[in-house]
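Reader: Could you take me through one part of this model slowly, strand by strand and helix by helix? I'd like the sheet and whatever packs against it.

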Amino acid sequence: MTDAVMTDVQTPDQMRRDRAARASNAVRRSLKKRYAAEARFRAYGIGAVGLALACIVVLFSTIISSGLPAFTQSAITLNVELKQDVIDPEGTRDKSTLINANYRKLVFDTLLAEFPEVTGRRDKRALTAILSSGAAFQVQQLVTSDPSLIGQTLELSLPVAADFDLYNKGVINKGTAESDRRVSDQQMAWFDTLKERGIIESELNTTFFTNADSREPELAGILGAAMGSLFTMLVTLALSFPIGVCAAVYLEEFAPKNRLTQIIEVNINNLAAVPSIVFGLLGLAVFINFFGLPRSAPLVGGMVLALMTLPTIIIASRAALKAVPPSIREAALGLGASRMQVVTHHVLPLAMPGILTGTIIGMAQALGETAPLLMIGMVAFIVDIPGGITDPATVLPVQVYLWADSPERAFVARTSAAIMILLTFLILMNALAVLLRKKFERRW
Amino acid sequence: MSFTFVLGALIILTVAGFYLGRSRSMASAGGTASRLHSRPHYYGYFVALWCGIPTILILGVWTVFQTPIVEMIVQGNLPERMLEGDPAQMSLIMNDIRNLASGNITSGEITPAVQAAADQYVSLVQTSALAKFVLILVVGIAAIAYARGKIAPSLRARNQVEKTMMAILIICSVIAILTTIGIVMSLVFESYRFFEKVSPVEFLFGLEWSPQTALRSDQVGASGAFGAIPLFVGTLLISFVAMCVAGPIGLLSAIYMAEYAPLKVRGAVKPLLEILAGIPTVVYGFFAALTVAPFLRDQGTFLGLDISSESALAAGLVMGIMIIPFVSSLSDDVINAVPQSLREGSYGLGATKSETIKRVILPAALPGIVGSFMLAISRAIGETMIVVMAAGLGANLTANPLEAVTTVTVQIVTLLVGDQEFDSAKTLAAFALGLVLFCVTLCLNIIAMAVVNKYREQYD
Amino acid sequence: MGEVDMSNAVEVTAPMASSDAARETKFHTRGVQVFYGEKQALFDVDLDIYENEVTALIGPSGCGKSTYLRTLNRMNDTIDICRVKGKIELDGTDVYSDKIDVVHLRARVGMVFQKPNPFPKSIYENIAYGPRIHGIATGKEDIDQIVEESLTKASLWNEVKDRLDEPGTGLSGGQQQRLCIARAIAVQPEVILMDEPCSALDPIATARIEELIDELRDNFTIVIVTHSMQQAARVSQRTAFFHLGDLVEVGETGKIFTTPQDQRTQDYITGRFG
């Protein structure tokens, strides 16, 4: 053995071994501390991921728990007599007479009849506050659509005003001081009596899905905003998809590599990062002030969002086109196809799944966008359901914004419910994109 | 005659053109397609393009210019004395006419002159729509006839169609540039008008912001103050809070995902984090205003701190949550771009994972991480809805995140939403703010992209 | 311990003849099998590595020589799907047992890679990295000394002593590889593993590294993977020939190249395949 010979003077070999041993010991001594640091660092990472995921959970659970109550609505069942002398005393059945008749009185009287002991004007008003203003409207609709009902007594399920709906759901309760809540003790007592009589029930809030916006929470629905979103998205899609794909095809397949195309490329990348509100300013200055297009219309909203989603679609389409291997182009060119034919017959169909995926993701972004639409006036209070792309309209996210700003308590639940519906659409769209990608994913 | 109807007619005409062109080509070749220069359907496209392009152009131009021209005519026909008023008065009258014409409620009383103008307005719009329809029909049919006449076996239809298609492609890719030009032009133009009223120095360096110009000139503070420094400070403060949240969480989760997480965890958690990026900002705004701000205020009261219910902290925290996925996915890419050989080199020397990450990977990835942070900051600065819903309106020059501050984007929205008078300094100020916002985010993006690209090249 | 796969009976020349009696065994490996997922990359390799000697692992590409090398300091741990079976002992302790810590193991068994991979830091920091993380040296003076010594041993000192603050990535390929060797030496390991250290270098740089390897032999045990038989012949004392995951033959370098026992070895060194 080499180190069998022991002398007083250390051989170089021994020195080396000594040092290696010392180093080895140093390493061993440091190990515990280093592994602790390692575990700590790893824990930071897990903690960060956990925190981010916790944010998602908190966000979703907050929205869902505060939004669920909006899907039910308290209703009161009353036997309303459609009195001839109140609705149409002269019996003409004239349309404007029918529309303008005092249905409020009809329903109010029916409710007051439940409590004969209430006499004072003030008390009467407090009692009738239980009914939503939509109750009279509901009766009006019923009568105008079928005047033969006049004179009959109908059992109607009428909406309860939002504050009493909240009381029924327990959001407003006796725990708060009477002066701090919008339902007085007396009103609560009446409501409880009605409940005991079994004529208050909770039913599915269909109004929410069939109405447009309203000042009364119990009458507000999202159909108007949803239709507005639909029209806006149609305009956006009709503009951004063809333009985006054409631009991508040109840049990827035909464009010579020169300064101009380079500028276009840089430009597209930068556009993708421009704050969305700036697009709103563009829409306001150019489309509305310069070209005089109508404010609040899905047409303008769609155009603004189309410009905003264009970069997303172009970038995704270019990536999809780039993924088609050159061999396919060469094969088609070799058969004598023109370059345009190569693109339209071979490259574009192969790239289409990728392009569609990018388009859906772009559309999902556009669907959730709010800020630019505020600039072009889509933030108006609109009671009618829009019927076309030039009608005044609002969209789902803007509706969320409007309701979130409303002072009424009952709008909190409706805001959350609108968010749930918006998120459902977004999740469906993204799921579709993922599905499309999975199904057509191809490795060359 | 609605837009949709005319568009439908136009499409039918174009499709008809296609079939007419195709059948004509077959007839001209005596039924043998091989005698034609191009395949028959190219002759169809040839005719369809001849018909479709001019008619669509007419439709577009007409639709765009119809309203301004009609209004010009109506205004010109108003009685002399109504024209004499100042421009603001004029715009009010025009507004009434417009409302009357579309059957809405008007603000003022309806004078016979206004009523007459409204009637004229309606009839002009109707005439215009009819004229548009007829013109499109005539031009379309004429174009079809002309193009059909040109069809002969020797016509190089395919080449012509492809040339036209190429032109369309080029036009489409130029639209992106036009958008940028449009943004820059509209911002610069309106800002220029703003700076005619308010000096740029006052705007950029002034310390007081109260854009509410008074209705009457004798009111207090009638002039309005347009010093934007409080807005810039507020924006930076909220962005800073946001980055304090998103920076560490985003970076650490990117590190965990890239270096530690088993494949399965990575596959499950990554899309979950992406959800955060897909949630509309208005939802975050609602969350901030409904949940986070009251929570912070209550906690503050508990701790004896006075936290405003519109504190920069609440808006910043929620914005930070929104930005986490931007930081994490960009940093994840950057960390993955660090070559494996560097990791092996470090492990080969006996370094632990965290030592390798802290001393080799992060320094190597630093430029890329800086780039991704800059992109995230640019997001935060341009973010609108969260701050509109959760931050304050009053310009408050402070660096204390517990107080309410306002931001550039909040002010743009406040100045432009609702009734606005054009040409007032108040409205134009929004465009000046937009210009600043655009320039700052553009610079951040360009620098960040340059940094990231340079970093990528280093390891390619 | 992996069970011996009888269907894959391996021919291994019996370990060393009597003239090797004086050498100490550094690595003692028996029945080493490595799997990448379902795929088996190494079949029952039995091999001893002796101290202060250069052992060359040769064979056609994909034969498992790099895989074997990477089991010696457990670099395979970094690959998720990789599993190792068998006995791999360093100075009598199984490196895969609980008694050996992987960090400590790698500090004792350093590694130099195929492509030079200096960290994107200064030359000085590249060398100082190992001693710092392991706590081998703390004071500035100690580290200065280690840097100079390591660079000198890697015969790089004279070339870089005036520019220690410049980035290591700015050096030429050959210098980078010597920097990586110096970086490994700085931790004062007992063994240095080299995975085709010259494959990315030009002939002149290769010659310098080979010289260096020969000098380092006095102080370190070296295992080198190479696909160049000439290199194996020039730098190594012992050579092991791998083929398709089997260790075919091992012996004194001279003997392997002049009188190979196995037909496959003979075919390889005469250039029939590879």
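Author: Here is a walk through one sheet in chain C, starting from a single strand and moving outwards to the helices.

A word on the ground rules: this is a predicted model, where local features need pLDDT of at least 70 and side-chain atom pairs count only at pLDDT 80 or more, while totals for chains, interfaces and linings use all residues. Residues are numbered from 1 along each chain as its sequence is written, chains are lettered from A and ligands numbered from 1 in the order in which they are written, and side-chain values use heavy atoms, with hydrogens and water left out.

Let's begin with β9(C), residues 238-243. Helices (H or I, at least four residues) and strands (E, at least two) are DSSP runs here, numbered from the N terminus. Six of the six residues in β9(C) are buried, meaning under 20% relative accessible area with a 1.4 Å probe and protein chains only (exposed is over 50%, partly exposed in between). In a regular strand, side chains alternate between the two faces of the sheet. In β9(C) both faces are covered: R238(C), A240(C) and F242(C) are buried on one side, and T239(C), F241(C) and H243(C) on the other.

Now for the neighbours of β9(C). Two strands count as paired if DSSP finds at least two bridges between them. With β3(C), residues 54-58, β9(C) pairs in the parallel sense over four bridges, and F241(C) is the bridge partner of I58(C). With β10(C), residues 246-252, the pairing is antiparallel over six bridges, and T239(C) is partnered by G251(C). The hairpin of β9(C) and β10(C) has two residues between the strands, and L244(C) takes a positive phi near 50 degrees there.

Going the other way from β3(C), four bridges join β3(C) to β8(C), residues 221-225, and these two run parallel. T55(C) stands opposite V223(C) in β8(C).

Put together, that's an open sheet of six strands in the order β6-β7-β8-β3-β9-β10 (chain C), with mixed pairing. β6(C), residues 109-112, and β10(C) stand at the edges with a single partner strand each, so one side of each has no neighbour in the sheet. From one strand to the next, the twist averages 15 degrees.

Two helices pack here, and contact means heavy atoms within 4.5 Å. Angles run from 0 to 180 degrees between N-to-C directions, with axes as lines fitted to C-alpha atoms, for helices over the stretch in contact. α7(C) lies across β3, β7 and β8 of chain C, running at about 150 degrees to β8(C). α6(C) packs on the sheet too, touching β6(C) and β7(C), residues 191-195, and makes about 170 degrees with the direction of β6(C).

How do the two helices sit together? The axes of α6(C), residues 173-185, and α7(C), residues 203-216, come within 9 Å and cross at roughly 20 degrees. The pair is therefore roughly parallel, a label for angles under 35 degrees (over 145 is roughly antiparallel, 65 to 115 roughly perpendicular, the rest oblique). On the α6(C) side, G174(C), Q177(C), R178(C), I181(C) and I185(C) meet A205(C), R208(C), I209(C), L212(C) and L216(C) of α7(C). By class, that contact has six nonpolar, two polar and two charged residues; Ala, Val, Leu, Ile, Met, Phe, Trp, Tyr, Cys and Pro count as nonpolar, Asp, Glu, Lys and Arg as charged, and the others, Gly among them, as polar.
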